[in-house]
Every structure is written in structure tokens, then in C-alpha cells.
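Colleague: I am new to reading protein models, and I would like to go through one slowly with you. Could we take its features in turn, with the general idea before the particular case?

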Amino acid sequence: VEPPTIQVKGSLVKRTKKNTFLLKGRAAHPVGVRDVVVFRGDQKIVYLLQRTKSGSIEFSVEVPLDGGANNILIVARHDDKVIGSESVFVRSDQPE
């Protein structure tokens, strides 16, 4: 079984002068996506549950940033064993 695919709008490496980053994208699977979780480092930013387990979940999440390097991980699950992920690296020029 194929894992869900995650498409992030724009580049996977970004730089900003802001202390937040608007992450937009879509997680999809032919049979359905159960949920999507977005982390910044070890911190869970958002959990999105798809009650109907339809083919995709669109997401738009305002991610708070630390000054310097921020690794954002998007995890999409079809079920407990079929999981897809994607990482986005954002450098914030705010003071650390």
C-alpha cells in the first residue's frame, strides 16, 4: 500500500524575516487520509482529523518560528501503518 503524498505549496526551503510562517498544502491518498499532524521540531503545531477519511486533506497552518533554523515536519496517515511525511526548512532572521 502506498503512503499518502504530501504537496507543499512553494519551495521546501524558505527564508523569512517574520516570526511566523504560513504553511499551505495538501495530503492525499487514493483510499483516504485519516489525519495530518504538523510539527516544528518536537512541538506539535496542529492536528487535523478527517472524520470521513476521504481522499485528501487541504491544510493552511500558521507556524510560529524561532529565530534561526526551523524544521517543520508534516505527517499524513492513511492508517496506523501507512504514513507519509514531508519536511520544510524555514530560516527566520528574527533574533534567536
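Colleague: Let me begin with a single side chain: is Asp 35 buried or exposed?

Modeller: Please keep in mind from the start that this is a predicted model. A residue is called buried when its relative accessible area is under 20%, and because Asp 35 has a relative accessibility of 0%, Asp 35 counts as buried.

Colleague: With which residue does Asp 35 form a salt bridge, and how far apart are the closest N and O atoms?

Modeller: To read a salt bridge, one looks for a side-chain nitrogen of Lys or Arg within 4 Å of a carboxyl oxygen of Asp or Glu. Asp 35 forms such a bridge with Arg 34, where the closest N and O atoms are 3.7 Å apart. Arg 34 counts as partly exposed, because its relative accessibility is 23%. These two residues also belong to a network of salt bridges, in which Arg 34, Asp 35, Arg 77 and Asp 80 are linked.

Colleague: How many salt bridges does the structure hold, and which of them link distant parts of the chain?

Modeller: The structure holds eight salt bridges, and I can show you two that link distant parts of the chain. One of them joins Arg 15 to Asp 93, with 3.1 Å between the closest N and O atoms; Arg 15 lies in strand 2 and Asp 93 in the segment after strand 8, so that 78 residues separate the partners. Arg 15 counts as exposed because its relative accessibility is 60%, while Asp 93, at 35%, counts as partly exposed.

Modeller: The other joins Glu 58 to Arg 26, with the closest N and O atoms 3.3 Å apart. Here Glu 58 sits in strand 6 (residues 56-64) and Arg 26 in strand 3 (residues 20-28), and the two are 32 residues apart. Glu 58 is exposed because its relative accessible area is 53%, whereas Arg 26, with 31%, is partly exposed.

Colleague: How should I read a sheet, and in what order do the five strands of the open sheet come?

Modeller: Strands of a sheet pair through backbone hydrogen bonds, and the pairing can be parallel or antiparallel. In this structure five strands form an open sheet in the order 2-8-7-4-5, with mixed pairing. Strand 2 and strand 5 (43-49) are the edge strands, since each of them pairs on one side only. On average, neighbouring strands of this sheet are turned by 20 degrees against each other when direction is ignored.

Colleague: In which sense do strand 7 and strand 8 pair?

Modeller: Strand 7 (residues 68-77) and strand 8 (residues 83-92) pair in the antiparallel sense, over ten bridges. Asn 71, for example, has Phe 89 in strand 8 as its bridge partner.

Colleague: Which residues make a nonpolar surface patch with Phe 89?

Modeller: Phe 89 joins Leu 12 and Val 13 in a nonpolar surface patch of about 250 Å². Leu 12 is found in the loop between strand 1 (5-8) and strand 2 (13-16), and Leu 12 counts as partly exposed because its relative accessibility is 34%.

Colleague: Turning to the interior, how many residues does the largest nonpolar core have?

Modeller: The largest nonpolar core has 19 residues, and Leu 23, Val 36, Val 38, Ile 72, Ile 74 and Val 88 have the most contacts inside it. Strands 1, 3, 4 (35-40), 6, 7 and 8 each supply at least two residues of this core, and the largest share, four residues, comes from strand 6.

Terms used: Residues numbered from 1 in each chain as written. Predicted model: local features only at pLDDT ≥ 70, side-chain atom pairs only at ≥ 80, totals over all residues. Heavy atoms only, no water. Patch = residues over 30% accessible without salt bridge, like charges linked within 9 Å, V, L, I, M, F, W, Y side chains within 5 Å. Areas by Shrake-Rupley, 256 points an atom, 1.4 Å probe, with all protein chains shown as cover. Buried < 20%, exposed > 50% of the residue type's maximum accessible area, 1.4 Å probe, protein only. Pairing = 2+ DSSP bridges. Axes fitted to C-alpha atoms, helices over the stretch in contact; angles between N-to-C directions. Core = buried A, V, L, I, M, F, W, Y, C linked by side-chain atoms within 4.5 Å.
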